[in-house]
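User: I am new to this structure and would be grateful for a close look at one part of it. Please take one chain as the centre of the account and explain how it is built and how it meets its partners.

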Amino acid sequence: MHNSMLSQRHPCAGTDTACHRVLTPWRCKTIPLYALLVRYGFRKHATYVGAALAGAFTNSVFGILRAYILIALWQARPGLAGYDVADAVTFCFITQAFIGPMQLFGGGLGIPERIRSGDIALDLVRPASLQLWTLAEDLGRGAYLFLVRGIPPMLIGAALFGIVFPTGPGRWLTFLAGFAIALVISFGWRYLVALSVCWLLDDRGVAVLSMVLTTFFSGMMLPLHIFPGWLGDLAKALPWAAMVQLPTDLYLGKAPVLDTLAFQAFWAVVLLGLGTLGTRAIRHKVVIQGG
Amino acid sequence: MIELDRVGRSFKVKRNVVHAVQDLSFTVSAGEFVGYLGPNGAGKSTTIKMLCGILTPTSGKVRVAGLDPSRRRTALARRIGVVFGQRTTLWWDLPLTDSFQLIRHLYRVDRASFRTRLDELAETLDLGGFLRTPVRQLSLGQRMRGDLAAALLHAPEVLVLDEPTIGLDVVSKAGIRAFLRRVNTEQGTTVLLTTHDLGDIERLCRRVMVIDHGRLGFDGTLDDLMATAPGRSSLEDVVTHLYTGTTS
Amino acid sequence: MVRTYFLLLWTWTRAAAAYPASFALMTLLGFVTAGIDVAVILIVFANTTTLAGFSREEVLFLYGAASLSFTICDTFVSNIDRISQHIKAGTLDTFLIRPVGAWIQLTADRFNANRVGRIIQSALVLGYAIAALDLDWRRAWMIPVMVVTGVVIFAALWTFGGAMQFVLTDAPEVANAFTYGTQQLSQYPFSIYARDLVKGVTYVLPLAFINWQPGLYALSRDDPFGTPEFMRFLGPAAALVLALLAALAWRQGIRHYRSTGS
């Protein structure tokens with residue numbers, strides 16, 4: 001099982017290498033653990049079907065309302081930003097579908113409550129990375145919400161307005177890759193926001209700020225391509241664009257594949273890196289100082 | 001003061017009908033101090049809710065202070081005080097004194113009477129030290145005393161308590177019991193006390209009612225209760241016998 | 001009853017005033033959050049001069065009026081949509097033992113005075129739009145009527161949302177689709193929507209009277225969908241009917257709670 005994941009020429013391929021001896025137990029214990037956590041995250045949220053369906057309903061309603069705005073705009077300016085009306089409508093419903101899995105309005109992590117109650121100390125003394133642990137559960141949650149809260153708005157958009165579908169399996173794959181990385185990016189950002197609760201007296205402020213930044217700069221309200229001048233340039237460089245705008249452009253085939261995925265991966269690495277630093281800081285504060 | 005006449009309350013739980021309370025009848029006269037016992041799930045909380053008007057009975061008649069709780073909820077609310085042991089009736093995020101002020105306005109207590117009553121209650125229950133503390137920062141004992149004061153600020157004729165001493169230490173319990181006794185003897189307030197703590201019953205109640213599986217199993221004085229199981233000397237033994245004996 | 005309501009509001013405000021920095025921050029953030037919708041409108045109009053036949057200032061006018069009604073309700077009534085939390089925690093009972101109606105207590109529950117920031121923001125946008133447009137002053141009376149009608153309609157929607165939560169206790173978000181959804185709907189002129197949708201929100205659920213129908217009158221414009229002139233004035237009547245229905249739904253909800261327990 002472990003060997004098949006390495007190429008034949010890899011220095012750790014042989015069972016008698018030191019590298020293999022170090023990596024194997026790590027991989028034996030870790031990957032099954034995190035795979036289990038993803039499944040648990042999925043199952044845990046699968047019990048809240050009612051709430052997820054309610055979310056799907058709300059997202060669909062807003063999708064319909066936003067679609068009309070975009071249609072009116074694209075009728076006034078056909079071909080704006082290289083989209084046609086169908087692209088714009090598709091954009092609208094795909095971004096609505098992202099709301100559940102990426103928790104674009106914030107939340108989805110239990111960390112702030114656990115920080116406030118002090119239970120976070122229990123999480124930090126586990127012999128596993130808090131960040132990876134939380135990420136695994138969040139991916140499980142994201143997978144579930146994509147199915148129950150993401151697909152309905154897309155189906156409704158398709159039924160009521162007609163949306164564009166990717167041409168061929170290649171496009172689907174690049175989209176799914178982009179979507180997966182976007183999930184990680186959204187986690188990375190929300191994780192940092194959640195950790196900040198430890199140092200702030202009132203966490204409502206940072207939650208609202210995060211929501212404002214995410215909804216505005218991700219492209220959820222309007223495609224970032226139509227943001228005028230420097231605002232548009234700025235928006236496209238920020239991590240939130242990588243969460244929503246870029247994967248949607250991959251879906252529509254309007255973005256260069258490798259550049260986009262690389263840009264997304266860059267932000268994923270940066271945010272997770274900051275998350276690691278943040279985890280270290282919180283461990284120091286809570287476990288060592290007893291804060 | 002409190003009259004239940006063949007009261008029944010059923011719930012539909014996933015296609016089964018659960019009878020929380022069946023054919024329950026009792027009368028509590030003004031000024032009485034009655035204990036209401038029963039094992040978990042016997043129907044005590046359901047009875048309390050019906051007395052307050054939070055829950056409407058599926059059959060039978062309920063009258064508290066002459067009013068039908070399901071029809072005259074707000075009128076009745078002015079004349080009864082309620083303490084839920086496991087939940088507070090105070091405003092969680094506000095200082096205790098703010099809760100009291102709100103109650104003064106909600107129940108339309110005039111300023112003079114309010115002042116006198118609050119001072120009295122604050123003294124008897126020793127609230128002075130934490131009047132300005134937000135309720136969420138109070139200890140359980142402090143919160144319970146706050147809840148008691150809140151329930152009595154408008155001088156109700158009936159006081160209903162649902163497990164008021166749960167989780168309290170020995171000293172706190174003694175204090176609350178003494179307070180309840182005074183309220184009953186000095187103000188003439190009718191008290192209905194639901195509790196799992198038999199010490200409360202022994203020290204406070206002359207009359208006891210036992211409910212099990214929704215039916216009234218016993219209604220009489222404490223002495224009568226002890227007599228139901230001759231040969232058992234402690235109240236705890238007697239009650240255990242009653243609970244296990246009346247299992248249908 | 002009104003006195004009780006304002007007393008509750010005052011108590012919550014005083015408690016919040018004990019943390020002035022937090023209060024100021026939340027007011028500012030409220031401003032910013034509300035500002036996003038305005039930013040979206042401005043970005044749309046950075047790409048076009050008219051949207052479905054309406055200019056930027058006309059859209060800001062419609063947005064401002066609807067937003068003013070919405071933010072007023074958001075401040076004074078919206079807390080009622082937290083009722084499912086109370087039902088699940090059992091704290092609704094605490095409201096029911098008081099000699100005051102549950103609706104008043106729930107709408108005042110945890111009143112956030114800092115939301116007034118959003119009201120001010122909406123008023124500013126509306127004020128700007130009125131100043132920038134050359135409105136017929138003889139028709140200006142419709143503007144306050146419009147805002148008040150909007151407040152009543154939103155209050156009714158929130159009450160429906162609360163009543164819904166007695167039954168859909170595990171899915172309170174559905175109510176948001178109606179309250180926040182209506183706000184989203186009203187931000188833009190109805191000429192962008194499909195004819196059937198507009199008919200639905202005029203005759204079935206009278207949301208068109210929040211700002212569209214009366215707004216057409218104030219803007220001295222004809223209805224692109226061709227409805228007769230008298231409909232511009234039906235706002236108050238529609239609001240009243242909706243409010244009555246909402247009150248009935250609420251009473252039904254409370255009755256349902258008291259007869260099934262939690």
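Analyst: The account may begin with a single residue, before turning to the chain at the centre. At 10% relative accessibility, B:Leu67 counts as buried, because the limit for that class is under 20%. The model in which this residue sits is a predicted one. B:Leu67 belongs to the loop of chain B that lies between strand 4 (59–64) and helix 2 (73–77). Setting aside neighbours within four places in sequence, the contacts of B:Leu67 are B:Val62, B:Arg72, B:Ala75, B:Leu76 and B:Arg79. One of these partners, B:Arg79, stands 12 residues from B:Leu67 in sequence, and their C-alpha atoms are 9.9 Å apart.

A second buried residue of chain B is B:Thr46, with a relative accessible area of 12%. B:Thr46 is placed in helix 1 of chain B, which covers residues 44–52. Beyond its neighbours within four places in sequence, B:Thr46 touches B:Arg9, B:Phe11, B:Ala20, B:Val21 and B:Leu55.

Two further residues of chain B deserve notice for their backbone. Most residues other than glycine have a negative phi. B:Asp23, however, has a positive phi, near 50°, and its place is in strand 2 of chain B, residues 16–28. B:His213 likewise has a phi near 50°, a positive value in a residue other than glycine. B:His213 lies in the loop that joins strand 8 (207–212) and strand 9 (215–221) of chain B. With a relative accessibility of 45%, B:His213 counts as partly exposed.

The centre of this account is chain C, which is in contact both with chain B and with chain A. The secondary structure of chain C consists of 12 helices and two strands. Read from the N terminus, its elements follow the order α-α-β-β-α-α-α-α-α-α-α-α-α-α. The radius of gyration of chain C is 19 Å, close to the 18 Å that the globule rule gives for 262 residues, so chain C is as compact as a globular protein of that length. Along the principal axes, its C-alpha atoms fill a box of roughly 55 × 45 × 30 Å. Of the 262 residues in chain C, 59% count as buried. Among the contacts in chain C with a separation of 6 or more, 77% join residues 24 or more positions apart.

The interface with chain B may be taken next. Here 29 residues of chain C are in contact with 29 residues of chain B. The area buried between chain C and chain B is about 2,500 Å², and carbon and sulfur atoms give 58% of this area. On the side of chain C, the residues that lose the most area to chain B are C:Arg98, C:Pro99 and C:Arg258, which together make up 30% of what that side buries.

Specific pairings also cross this interface. The rule finds four salt bridges between chain C and chain B. One salt bridge is formed by B:Arg87 and C:Asp93, whose closest N and O atoms are 3.1 Å apart. The rule also finds 14 residue pairs in polar contact across this interface, with both residues at pLDDT 80 or more. The elements of chain C that give two or more residues to the side touching chain B are helix 1 (2–17), helix 5 (92–96) and helix 12 (235–260). Helix 1 of chain C gives the most, with eight residues. By class, this side of chain C divides into 13 nonpolar, 10 polar and six charged residues.

The interface with chain A completes the picture. This contact takes 33 residues from chain A and 33 residues from chain C. Together, chain A and chain C bury about 2,700 Å², with 77% of that area on carbon and sulfur atoms. A:Leu65, A:Tyr68 and A:Ile69 supply 21% of the area that chain A buries against chain C, more than any other three residues.

The rule finds one salt bridge across the interface of chain A and chain C. The side chains of C:Glu173 and A:Arg149 meet in a salt bridge, at 3.7 Å from N to O. Three residue pairs are found in polar contact across this interface, both residues being at pLDDT 80 or more. On the side of chain A that touches chain C, the elements giving two or more residues are helix 2 (49–76) and helix 8 (203–217) of chain A. Helix 2 of chain A provides the largest share of that side, 15 residues. The side of chain A that touches chain C has 23 nonpolar, five polar and five charged residues.

Key. Residues are numbered from 1 along each chain as its sequence is written. Chains are lettered from A and ligands numbered from 1 in the order in which they are written. This is a predicted model: local features need pLDDT of at least 70, side-chain atom pairs count only at pLDDT 80 or more; totals for chains, interfaces and linings use all residues. Side-chain values use heavy atoms; hydrogens and water are left out. Helices (H or I, at least four residues) and strands (E, at least two) are DSSP runs, numbered from the N terminus. Buried means under 20% relative accessible area, exposed over 50%, partly exposed in between (1.4 Å probe, protein chains only). Contact means heavy atoms within 4.5 Å. Buried area is the accessible area (1.4 Å probe) that two parts lose on being put together, summed over both. A polar contact is a pair of N or O atoms within 3.5 Å; within protein, one must be able to donate a hydrogen and the other to accept it, and residues adjacent in sequence count only if both atoms are side-chain atoms. Ala, Val, Leu, Ile, Met, Phe, Trp, Tyr, Cys and Pro count as nonpolar, Asp, Glu, Lys and Arg as charged, and the others, Gly among them, as polar. The radius of gyration is taken over C-alpha atoms; the globule rule is 2.2 Å times the number of residues to the power 0.38.
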